[in-house]
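Subject: Structure handover and notes

Hello,

Here is the structure for your use. My notes on it follow below.

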Amino acid sequence: MKIYTLKAKQNLPITLEEAWEFLSDPRNLKTISPDYMGFEIISGADRKMYPGQIIQYIVTPIAGIKNKWVTEITHVMDKKYFVDEQRFGPYALWHHKHFVKEIPGGVEIEDIIDYKVPFGILGQLVHPILVKPKLKEIFRYRKEKLTALFGTLDTEIENQIVFA
């Protein structure tokens, strides 16, 4: 059983409060997702994130194939981090930690995702060809969209997407 990790960091020239206000509103996930994904929230996004919150989506990440995705917000520490875990969806495991911290001139946001692809060895063979490039593309889009919305810091050395 292979578990993959994706790490992404980005610095933004906004306050901790502004960053948290944006990131903790589930409706903003659509804003930072590529249009081709057909991201649609079905239910559960009517409040700011809280532990136990169930959010249902429809996503179309590949070849127009619609997927239902259900996540649970399992942990929230105000203005520090929150965690979402897939309860139903395209991955065998999806555990996504979102961190926010103040830095000089703004905030650093960091995503750490531990995930497992389905279908055993077949999934592992497809991972470097399809899954990994798609996730990298989605997080690049997210970085570009956040930069367009909020600007950028001169200290962009931390803006990175890394797979482990």
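Ile73 touches Met49, Tyr50, Pro51, Gly52, Gln53, Ile55, Val83 and Asp84, leaving out residues up to four places away in sequence. The residue belongs to strand β4. Its relative accessibility is 1%, so Ile73 counts as buried. Gln86 lies 13 residues from Ile73 in sequence, and the C-alpha atoms of the two are 9.0 Å apart. Please keep in mind that all of this refers to a predicted model.

Overall make-up

The chain contains 3 helices and 8 strands. Their order along the sequence is β-α-α-β-β-β-β-β-β-α-β. For 164 residues, a compact globule would have a radius of gyration near 15 Å, and the 16 Å of this chain agrees with that. The C-alpha trace spans about 45 × 35 × 30 Å along its principal axes.

Of the 164 residues, 43% are buried. The accessible surface is about 8,800 Å², and carbon and sulfur atoms account for 58% of that surface. If one takes the contacts between residues at least 6 apart in sequence, 52% of them join residues at least 24 apart. On charge, there are 22 positive and 21 negative side chains, with 7 Å between the centres of the two sets.

Helix α3

Helix α3 covers residues 120–150 and has a kink of about 70 degrees at His127, shortly before the proline Pro128. Which residues of α3 are buried? They are Gly123, His127, Val131, Lys134, Leu135, Ile138, Phe139, Arg142 and Leu146. In an α-helix there are 3.6 residues a turn, so residues three or four places apart point the same way. The residue at the kink, His127, is one of the buried set, and that set also includes the charged residues Lys134 and Arg142. After α3 comes Gly151, with a positive phi near 95 degrees.

Two buried residues that touch α3

Asp111 sits in strand β7. Is Asp111 buried or exposed? With a relative accessible area of 10%, Asp111 falls under the 20% cut-off and is therefore buried. Beyond residues up to four places away in sequence, Asp111 touches Leu6, Lys7, Ala8, His96, Lys97, His98, Phe139 and Arg142. Phe139 and Arg142 are among the buried residues of α3. One of the other partners, His98, is 13 residues from Asp111 along the chain, with 4.7 Å between their C-alpha atoms.

Ile32 is in the loop between α2 (28–31) and β2. A relative accessible area of 6% makes Ile32 buried. Apart from neighbours within four places in sequence, Ile32 is in contact with Phe22, Tyr141, Arg142, Lys145 and Leu146. Arg142 and Leu146 belong to the buried residues of α3. Arg142 thus appears in the contacts of Asp111 and in those of Ile32. Pro61 is 29 residues from Ile32 along the chain, and their C-alpha atoms are separated by 14 Å.

Loop residues

Two residues other than glycine have positive phi values, and you may want to look at them.

- Lys79 has phi near 60 degrees and is placed in the loop between β4 (65–77) and β5 (81–88). Its relative accessible area of 28% makes Lys79 partly exposed.
- Phe119 has phi near 70 degrees and is placed in the loop between β7 (106–116) and α3. Its relative accessible area of 68% makes Phe119 exposed.

Asp46 is in the loop between β2 (40–43) and β3 (54–62). At 65% relative accessibility, Asp46 counts as exposed, whereas Asp111 is buried at 10%. Pro26 is 20 residues from Asp46 in sequence, and their C-alpha atoms are 8.0 Å apart in space.

Regards

Key: Residues numbered from 1 in each chain as written. Predicted model: local features only at pLDDT ≥ 70, side-chain atom pairs only at ≥ 80, totals over all residues. Heavy atoms only, no water. Helix = DSSP H or I, 4+ residues; strand = E, 2+ residues; numbered from the N terminus. Rg over C-alpha atoms; globule rule 2.2 N^0.38 Å. Buried < 20%, exposed > 50% of the residue type's maximum accessible area, 1.4 Å probe, protein only. Contact = heavy atoms within 4.5 Å. Areas by Shrake-Rupley, 256 points an atom, 1.4 Å probe, with all protein chains shown as cover. Charge placed at Lys NZ, Arg CZ, Asp CG, Glu CD. Bend = angle between axes of the 7 residues up to and from the residue.
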